[in-house]
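Please open the structure in your viewer and keep the sequence beside it, ready for selecting residues as the tour goes on.

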Amino acid sequence: MNREDIINTCVQHKHALIFAAGIATAIVSKKVLESKTVKDAATKGMATVMSAKKDAEECFQDMKENAEDIVVDANADTKKEIYVESKE
């Protein structure tokens with residue numbers, strides 16, 4: 001068989017080849033996903049994401065507290081100004 005005959009045969013049976021490729025992909029994927037290396041990498045990745053989430057929540061809480069302090073200080077200054085102006 002020459003190259004053209006092989007290509008023509010593949011074109012005629014493309015659906016069977018696609019099906020076989022799908023099965024092969026599923027088998028290989030299953031083996032890869034069950035490997036210890038992938039599980040360790042996924043565990044480390046999840047731990048990193050959770051750590052980043054915790055850090056982001058702490059940073060957001062700090063920003064929120066700082067903003068609340070600024071608002072309280074601004075309100076206190078405004079009240080002082082109003083009190084001083086009304087007294088005069």
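Begin with the whole chain shown as a surface: its accessible surface comes to about 8,200 Å², and 64% of that belongs to carbon and sulfur atoms, as found by the Shrake-Rupley method with a 1.4 Å probe. This is a predicted model, in which local features need pLDDT of at least 70 and side-chain atom pairs count only at pLDDT 80 or more, while totals for chains, interfaces and linings use all residues. Residues are numbered from 1 along each chain as its sequence is written, and side-chain values use heavy atoms, with hydrogens and water left out.

Switch to a cartoon, where the chain has three helices and zero strands (DSSP runs, H or I of at least four residues for helices and E of at least two for strands, numbered from the N terminus).

Next, select Lys 30 and Glu 34, which form a salt bridge with the closest N and O atoms 3.3 Å apart; the term requires a side-chain nitrogen of Lys or Arg within 4 Å of a carboxyl oxygen of Asp or Glu. Both residues lie in helix α2, four residues apart, about one turn of the helix.

Move on to helix α3 and select Lys 36 and Asp 40, both in that helix, whose salt bridge has its closest N and O atoms 3.9 Å apart. Lys 36 is exposed at 63% relative accessible area, whereas Asp 40 is partly exposed at 35% (buried is under 20%, exposed over 50%, partly exposed in between, with a 1.4 Å probe and protein chains only).

Finally, select Glu 57 and Lys 53, whose side chains meet in a salt bridge of 3.3 Å, N to O.
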